[in-house]
Amino acid sequence: MTPKHDTPFTRQVGIDFPIICGAMYPCSNPELVAAATKAGGIGIIQPISMVFAHKHDLRAGIKLIKETTKQPLGFNLLVEKSSKKYEDRMRVWLDIALEEGVRFFITALGNPRWVVERVRPLGGIVYHDVTARKWADKAAESDVDGFICVNNRAGGHAGTISPEQLLADIAPLGKPLICAGGVGSEADYIAALRMGYAGVQMGTRFIATTECRAHADYKEAIIKAEESDIVLTDKISGVPVSVIRTPYIERIGTKAGWLSRRLLRGSRTKHWMRMFYTLKSIWQLKEASQKGASYKDYWQAGKSVRGIEVIESAEVIVRRFGEAGLTASKR
Ligand SMILES: Cc1cc2nc3c(=O)[nH]c(=O)nc-3n(C[C@H](O)[C@H](O)[C@H](O)COP(=O)(O)O)c2cc1C
């Protein structure tokens with residue numbers, strides 16, 4: 001196919017607009033993923049979210065998305081080496097995604113080599129999440145096809161480097177780069193493309209949509225938040241996560257206790273501690289996103305809240321941003 005908006009990314013993946021609806025635990029429900037893909041962008045399936053937060057069997061969930069759209073879908077794999085059981089599960093999930101026709105993969109955290117080796121012979125494309133050049137260099141050794149450049153404005157596990165600097169640092173590797181973080185409005189989107197990115201990945205913008213199943217209180221909090229309300233906390237997962245500063249966050253603070261920090265640093269205790277944090281955060285984030293303000297409101301969001309003013313359909317967002325970017329690219 002010829003993409004409407006031709007960039008190295010849309011060409012590789014076969015979509016109209018260079019817009020990714022990023023993987024979000026626990027906010028990636030199948031209806032949201034389907035809406036972004038249907039409108040000409042690409043929705044990313046987050047398997048942990050699909051299975052544990054939204055209670056779909058993975059294959060059935062992918063089939064549900066395919067009832068709405070036959071266009072390309074993406075799949076998120078957190079490839080960190082934690083336990084044998086987790087790794088085996090990732091491999092099974094990857095095979096299910098391939099069998100269901102998924103050909104775009106976004107890997108994060110560990111070494112993406114085994115994913116590249118598995119999907120490339122089948123025509124698959126792998127982009128790796130990076131927050132700095134040193135991680136991009138490592139992933140380039142595994143011959144990934146592109147990079148998701150997670151900057152210091154992103155929701156979720158934010159980076160520390162500005163979008164401009166990340167682009168300058170990683171562009172010499174000669175692969176397509178996606179800007180992840182800080183894109184909430186059409187103006188932000190156009191600015192990222194003008195900077196030289198081949199596309200954008202948005203998370204926070206897609207939570208405040210009609211298709212996202214997150215609690216209405218969470219969506220409202222995104223609409224109301226200013227950029228200055230976004231703070232980093234390491235209380236959730238042991239590494240900094242961007243959240244909205246709610247009264248709950250103010251009350252408990254944003255720094256992990258000294259014992260947790262010490263255990264996270266120790267060579268023998270850090271794996272155990274990470275496992276503990278993973279299980280705790282999987283539960284806590286799910287509760288917070290689904291139960292609303294009555295619960296502990298751990299609401300993840302990035303500085304893109306600045307440009308987000310209404311709850312609207314993800315399909316409408318992708319089409320409107322996509323057309324605005326196309327028009328701007330012709331000027
Ligand atoms: C609630 C939330 C959950 C996220 N979960 C994941 C995840 O499971 N895997 C992943 O690779 N990225 C995850 N991200 C990052 C997003 O895919 C995306 O890169 C990021 O949200 C971009 O920044 P933005 O929120 O400013 O648009 C998450 C982001 C948010 C806001």
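The following exchange concerns the ligand site and Ser-242 in a predicted model.

Modeller: In this predicted model, local features need pLDDT of at least 70 and side-chain atom pairs count only at pLDDT 80 or more, whereas totals for chains, interfaces and linings use all residues. Residues are numbered from 1 along each chain as its sequence is written, and side-chain values use heavy atoms, with hydrogens and water left out.

Colleague: Why is Ser-242 called buried?

Modeller: Its relative accessible area is 5%; buried means under 20%, exposed over 50% and partly exposed in between, with a 1.4 Å probe and protein chains only. Ser-242 is therefore buried.

Colleague: What makes the pair of Ser-242 and Ala-154 a polar contact?

Modeller: A polar side-chain atom of Ser-242 lies 3.1 Å from the backbone oxygen of Ala-154. A polar contact is a pair of N or O atoms within 3.5 Å; within protein, one must be able to donate a hydrogen and the other to accept it, and residues adjacent in sequence count only if both atoms are side-chain atoms.

Colleague: How do you know that Gly-203 and Ser-304 make polar contacts with the ligand?

Modeller: A backbone N or O atom of Gly-203 is 2.8 Å from a ligand oxygen, and a polar side-chain atom of Ser-304 is 3.0 Å from a ligand oxygen. Both pairs therefore meet the polar-contact limit.

Colleague: Which residues come nearest to the ligand?

Modeller: Of the 22 residues around the ligand (a heavy atom within 4 Å), Ala-23, Gln-46, Gln-201, Gly-203 and Thr-204 come nearest.
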